[in-house]
Every structure is written in C-alpha cells, then in structure tokens.
Amino acid sequence: MNIGSQSIILKWFQIEGSQTLQIGQKLTFGAYFMGLKEEIAKRRTFGIISHPDAGKTTLTEKLLLFGGAIQVAGAVKSNKIKRHATSDFMEIERQRGISVATSVMAFEYRDRKINILDTPGHEDFAEDTFRTLTAVDSAIVVIDVAKGVERQTEKLVNVCRSRATPMIVFVNKLDREGKDAFTLLDEIEEKLNLPVIPLSWPVGMGQRFQGVYDIYGKRLVLFRAHGKQDEESAVMIEDLSSSELEKQIGESAAEELRSEMEIINEVYPSFERNAYQDGTYSPVFFGSAVNNFGVKELLDCFVEIAPPPVARETEERVVEPDEKDFTGFVFKIHANMDPKHRDRIAFLRVCSGIFERNTNYQHIRLGRKLKFSNPTAFMAAKKSIIDASYPGDIIGLYDSGNFKIGDTLTEGEILHYKGIPSFSPEQFRFVNNVDPMKSKQLAKGLDQLMDEGVAQLFIKEDNGRKIVGTVGALQFEVIKYRLKNEYGASCDYEPVGLHKACWLGSDNAEAIKEISKKRKKDLARDKDGKLVFLAESAWTLKMAQENFPEIDFHFTSEF
Ligand code: G4P
C-alpha cells in the first residue's frame with residue numbers, strides 16, 4: 001500500500017476483524033496506522049517443538065479445541081512419518097497431504113489471533129523445522145515427563161536460542177509416572193542450557209496425579225482423566241495456608257505442595273514478562289495433553305505473555321512490523337500433490353505493513369513485480385482467499401516456479417530477510433540420470449525439489465557431477481519417488497564418501513583463488529553458486545582449515 005499523501009483511498013480494507021471499510025472510503029494515515037498497530041498487537045505466531053512422541057500433535061489439537069478451530073478430538077492427524085515408513089511411499093504422500101493442511105493453523109482466542117506453525121516431527125526433516133522456526137515469534141517446547149530432555153529437543157532449542165526466540169516449556173504426560181518435577185527442571189537447565197521458572201506445579205504424578213497449582217493464575221486446578229477441563233475443576237486458592245487445600249487434595253499432598261512452593265519461591269525469581277521475552281528464562285507448565293489437562297492454563301498465560309510480531313533483520317536493515325510498507329519472506333514451499341498441476345504453494349510470513357490481494361509486489365531476487373489474485377489464509381483449519389494480511393500472518397501464495405525458500409517480497413525497497421540458512425548436510429550421494437531421454441526432466445525436477453528445500457544439490461567443480469546432500473536418509477527415497485511421479489525422470493544414486501560440506505568465505509580474494517586451484521577436486525558450487533568444500537573426513541577438513549588459514553569454513557550457508 002503506497003501512502004504518498006496524508007490520506008489513502010482503499011479498495012478494501014479490514015480493521016477489526018468484522019469491521020470493513022467500504023470501497024473508495026478515505027482513510028487518514030493516522031487511522032491506517034492505528035489499524036495496523038492494533039492488528040499487530042493481536043497476533044501471536046508460534047511453533048510447537050518436541051522430540052517425536054512427546055505430545056506435540058496432541059497439544060496442538062487441544063489448543064485448537066480451546067480455540068474453537070476444531071470441534072472434535074482426532075481432527076488433527078499426526079504428520080510424523082513413522083519409523084517403519086522409510087520405504088512406504090504412500091505413507092510419505094499421505095503425510096505430505098496432511099502437512100499441507102496443517103502447515104499453519106490459525107484461530108482466535110480471547111481477542112487474539114493465534115497462528116500455530118506446524119513443524120515436522122521426523123528427524124530427517126529437521127531442516128524444514130529449522131526453517132519454519134525462522135517464521136515464528138515464539139515457541140512452545142514439549143517434554144515427556146518420563147523421558148525428560150531428548151536429543152531432538154536439544155537441537156531445536158538450540159535453533160530457537162540462536163535466533164533469540166522466547167520459549168515456554170510444557171511438561172507433558174503427568175498422568176504417567178515420570179521424573180520428579182525439580183529433577184526435571186534441573187535437567188532442562190543443564191541439558192538445554194535454558195534457565196527456567198515454573199508457572200504451574202504438579203500435585204502428584206501418575207496414579208497419584210491430582211492436578212496442577214497454577215502459580216501464574218494463583219489457583220488449584222483439579223485433574224479429571226479424559227474429562228473436558230472446565231472452570232468447575234478450578235478451585236481458587238490464593239492463600240496456600242488455607243485449610244481448603246487439605247479439603248481438595250488431602251493432607252499429605254497439601255503439605256507437600258506447600259513445602260514445594262516454598263522452595264520455588266526461594267529458588268526461582270518472580271516472573272517478569274520482559275525476562276521471558278528477552279530469553280533470560282523460560283516459563284514451565286505441567287499437564288497432560290491427551291487428557292486436556294493444564295492446556296488451558298498454558299494457553300491463557302501464553303496469550304498474555306507471548307510476544308506479538310517483532311522486528312526482523314534483513315541484510316540491509318532492521319524492519320519494524322508497524323512500518324507502513326509491506327514486506328515478507330518465503331520460508332516454506334510445498335509442491336502440489338497432483339502431478340498434473342505443477343503449481344506449488346509458497347508460505348510467506350508477513351513481516352511489516354499490510355499484504356493486499358491483487359497488488360503488485362517486488363520479488364527481490366527476480367527483480368520484477370508479481371501480483372497475487374488468490375492468496376490463501378489458513379483460518380480454523382480451512383483455507384480461504386484473503387484480501388489483506390498483517391504482520392505475523394502466514395499466507396499461502398500459488399506459485400508456478402517463481403519462489404525459492406528465503407525469497408523476499410516488498411513494495412519496492414531492496415531488502416533480503418536473513419536467517420534462512422541451509423545447514424551442512426550429513427549424507428551425500430552422487431545422482432545419476434538413468435534415462436538419457438529424460439535428462440531435461442531430471443534437471444528440472446532436481447532444481448524444483450531443491451527450491452522446496454527437500455535437499456541440497458552440489459555440482460563438483462572438477463567434473464560437473466551432481467551430488468545430493470541431505471540431513472536424513474529418507475530424503476533420498478523421497479527425491480527418487482517424486483522425480484519419477486511428478487517429473488517422469490529416473491535417477492539412481494552412487495555412494496560418495498563425504499563427511500561434511502562447508503561453505504567457504506574469505507576477505508582475501510587471493511586465498512579463494514588459491515584454494516580453487518589447489519583443491520579443485522574437493523570443491524563444488526551450491527544452488528546459488530556459492531563455493532563449497534566437500535570434506536572426505538574430519539581429518540581432511542581440519543587439514544584444509546590449517547592449510548588455508550585465511551579462509552573461513554562455515555557449517556551453514558548464511559554467515
Ligand atoms: P508427537 O506429535 O510429539 O510425535 O506426539 P503425539 O502427540 O503424536 O503423541 C505421542 C503419543 O503420546 C500418542 O500415543 C499420544 O496419545 C500420547 N500422549 C500425548 N499426550 C499424552 C498424555 O498427556 N498422557 C499420555 N499418557 N499419553 C499422551 P500413541 O499411542 O503413539 O498414539 P495414539 O494411538 O494415542 O494416537
């Protein structure tokens with residue numbers, strides 16, 4: 001929206017959800033600005049992360065139930081690819097279908113617009129999860145009370161921390177026996193390096209689980225297995241020394257809760273929203289997602305404390321969400337399931353201003369204007385065409401091949417959003433064309449799958465051979481299957497003994513020239529033409545680093 005003068009004439013514009021201004025209506029810049037600010041303040045865009053099986057899907061579903069986005073449990077299918085599915089392509093396709101539908105789930109709750117971004121649970125798709133986390137303003141980390149902190153939790157928390165994304169921890173499955181709550185908090189602090197502060201506290205666990213004391217809301221919430229948690233199960237107890245506590249949970253549990261709360265008050269600082277938002281500590285909640293328990297406390301607190309859309313960095317400058325000009329970036333691309341329709345959906349996060357339908361926006365990488373006639377929003381698990389979207393919103397743009405992950409759209413200013421790196425892959429294979437008649441299809445298919453971020457392609461400097469690098473083994477199967485089904489191309493793989501791919505950077509052009517000459521056989525170019533060192537082993541990498549001290553070896557493409 002271009003606001004050259006003090007007033008603008010609107011084609012169509014929504015301020016407060018239902019309040020619509022009419023075509024041709026005049027709006028002062030002040031009113032426009034206030035509308036934008038209000039919309040930003042309403043939005044909460046976050047992702048739920050966990051090790052597979054901790055309860056991410058279940059928690060997502062319960063949050064949607066509270067938000068009225070779905071009516072019955074079971075409506076959100078797990079999008080995790082089960083371990084046995086490695087060679088089950090129908091399963092992969094089914095999961096792809098589900099993951100389009102559940103990529104973004106938006107609903108309204110207590111006058112807030114909540115956008116939940118789904119993250120794949122399967123480790124082999126970790127890179128997709130990392131990229132999705134670039135589009136959130138905060139995260140909820142789910143931990144299984146019995147298993148505690150697991151490997152995937154550590155990786156994902158590190159990604160959030162590196163981007164200073166505030167996190168709330170939800171300890172799940174309190175209806176089962178698990179680790180003692182204090183032990184678990186220590187484990188979270190140590191293993192995740194995440195200072196915590198409990199905002200709810202469990203009363204018992206497993207068979208003896210009676211409920212949680214909601215420290216934030218100062219009330220006791222009693223547990224009813226599989227019951228719909230409602231206000232009746234909440235008992236207000238502001239003063240824990242009240243004998244009401246004994247009446248509700250019995251003498252020994254009351255005594256235990258009082259002494260635990262004393263320890264909590266001594267050990268942990270009192271909660272401050274700023275300290276959570278700047279990452280000083282993470283609030284912790286306890287509950288049982290499958291029993292719908294502790295979830296409402298989490299959601300009620302979340303809408304109050306979680307950050308609205310925040311400023312974002314581009315290579316050029318920091319962009320504030322309430323700037324009048326629209327900007328946004330693509331963090332995910334999803335191919336159409338139907339091979340007859342080659343179009344894809346690019347998921348764009350709105351970062352500033354208002355995105356409007358049928359308006360020309362500048363595609364920075366392509367250097368040309370694009371217009372979108374049917375941008376899609378994902379409200380209440382349904383897709384619908386939208387006319388305007390605000391910072392924090394995610395929109396789906398139908399794309400016939402214009403977008404790559406990381407692309408920026410603006411109203412004209414040259415900006416490049418940062419923080420969507422490619423990570424050094426862990427598995428590598430040469431890719432060979434099996435059908436010489438279909439080499440064009442293979443090249444196109446590979447190119448488009450790489451744009452989607454399924455894997456990374458490296459082209460060797462010495463002989464032009466193509467190497468596919470992935471985070472997990474499953475992607476090789478996915479690529480082969482999709483090349484055949486969507487592009488009619490056949491490929492096979494050949495093993496290549498590689499340890500890591502590192503992006504090379506240096507201030508010294510001579511040093512780059514030197515390594516390019518001396519180590520040509522170990523070098524390749526990535527999809528953007530960046531120079532990459534393919535290390536056969538940790539040893540060769542170390543030697544190369546020593547031999548070329550003026551060159552930096554990076555493990556992500558963005559440095
Ligand atoms: P994920 O997305 O993090 O991978 O986990 P998901 O929600 O799919 O949950 C994994 C399993 O844990 C599911 O059981 C789910 O029902 C169970 N679960 C989730 N929350 C709780 C809880 O609070 N208490 C208990 N006891 N279990 C919980 P499943 O047998 O793998 O699947 P399903 O057959 O129940 O769907």
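A residue counts as buried when its relative accessible area is under 20%, and this cut-off is used in the legends below, which describe a predicted model.

**View 1. Aspartate 451 in helix 11 of the predicted model.**
Aspartate 451 belongs to helix 11, which spans residues 439–451. Its relative accessibility is 8%, and because buried means under 20%, aspartate 451 counts as buried. Leaving out residues up to four places away in sequence, aspartate 451 touches Ile333, Arg344, Phe403, Lys404 and Ile405.

**View 2. Glycine 353 in the loop between strand 19 and strand 20.**
Strand 19 covers residues 344–352, and glycine 353 lies in the loop between this strand and strand 20. With a relative accessibility of 0%, glycine 353 counts as buried. Not counting neighbours within four places in sequence, the residues in contact with glycine 353 are Leu36, Pro321, Glu323, Lys324, Asp325, Phe326, Ser389, Tyr390 and Pro391. Glycine 353 and lysine 37 are separated by 316 residues in sequence, while their C-alpha atoms are 9.5 Å apart in space.

**View 3. Asparagine 358 in the loop between strand 20 and strand 21.**
The loop that holds asparagine 358 runs between strand 20 (355–356) and strand 21 (360–363). The relative accessible area of asparagine 358 is 37%, so this residue is partly exposed. From C-alpha to C-alpha, asparagine 358 is 5.4 Å from lysine 371, a residue 13 places away in sequence.

**View 4. Helix 10, a mostly covered helix.**
Helix 10 takes in residues 295–305, and 10 of its 11 residues are buried. The buried residues of helix 10 are Val295, Lys296, Glu297, Leu298, Leu299, Asp300, Cys301, Phe302, Val303 and Ile305.

**View 5. The ligand and the residues that surround it.**
The ligand is surrounded by 17 residues, of which Asp53, Lys56, Thr57, Thr58 and Ser288 are the closest. By class, this shell is made up of four nonpolar, seven polar and six charged residues. Helix 2, which runs over residues 56–66, gives the most to the shell, with three residues.

**View 6. Polar atoms of serine 288, alanine 289 and arginine 176 beside atoms of the ligand.**
A polar atom in the side chain of serine 288 is 2.7 Å from an oxygen atom of the ligand, and a backbone N or O atom of alanine 289 is 3.1 Å from an oxygen atom of the ligand. For arginine 176, an N or O atom of the side chain lies 3.2 Å from a nitrogen atom of the ligand. On its own the ligand has 700 Å² of accessible area, and the protein covers 67% of this.

**View 7. The whole chain and the confidence of its prediction.**
The chain contains 14 helices and 35 strands, and 56% of its 559 residues count as buried. Among contacts between residues at least 6 apart in sequence, 70% join residues at least 24 apart. The accessible surface of the chain amounts to about 23,900 Å², and carbon and sulfur atoms account for 50% of it. The average pLDDT of the chain is 84, with 83% of the residues scoring at least 70. Over residues 1–26 the pLDDT stays under 50, and the model has 59 contacts beyond four places in sequence for this stretch. The pLDDT is also below 50 over residues 81–87, a stretch for which the model has 10 contacts beyond near neighbours in sequence.

Notes. Residues are numbered from 1 along each chain as its sequence is written. This is a predicted model: local features need pLDDT of at least 70, side-chain atom pairs count only at pLDDT 80 or more; totals for chains, interfaces and linings use all residues. Side-chain values use heavy atoms; hydrogens and water are left out. Buried means under 20% relative accessible area, exposed over 50%, partly exposed in between (1.4 Å probe, protein chains only). Helices (H or I, at least four residues) and strands (E, at least two) are DSSP runs, numbered from the N terminus. A residue is near a molecule or strand if one of its heavy atoms lies within 4 Å of it. A polar contact is a pair of N or O atoms within 3.5 Å; within protein, one must be able to donate a hydrogen and the other to accept it, and residues adjacent in sequence count only if both atoms are side-chain atoms. Accessible areas come from the Shrake-Rupley method with a 1.4 Å probe; for residues, only the protein chains shown count as cover. Ala, Val, Leu, Ile, Met, Phe, Trp, Tyr, Cys and Pro count as nonpolar, Asp, Glu, Lys and Arg as charged, and the others, Gly among them, as polar. pLDDT is the predictor's confidence in each residue, from 0 to 100. Contact means heavy atoms within 4.5 Å.
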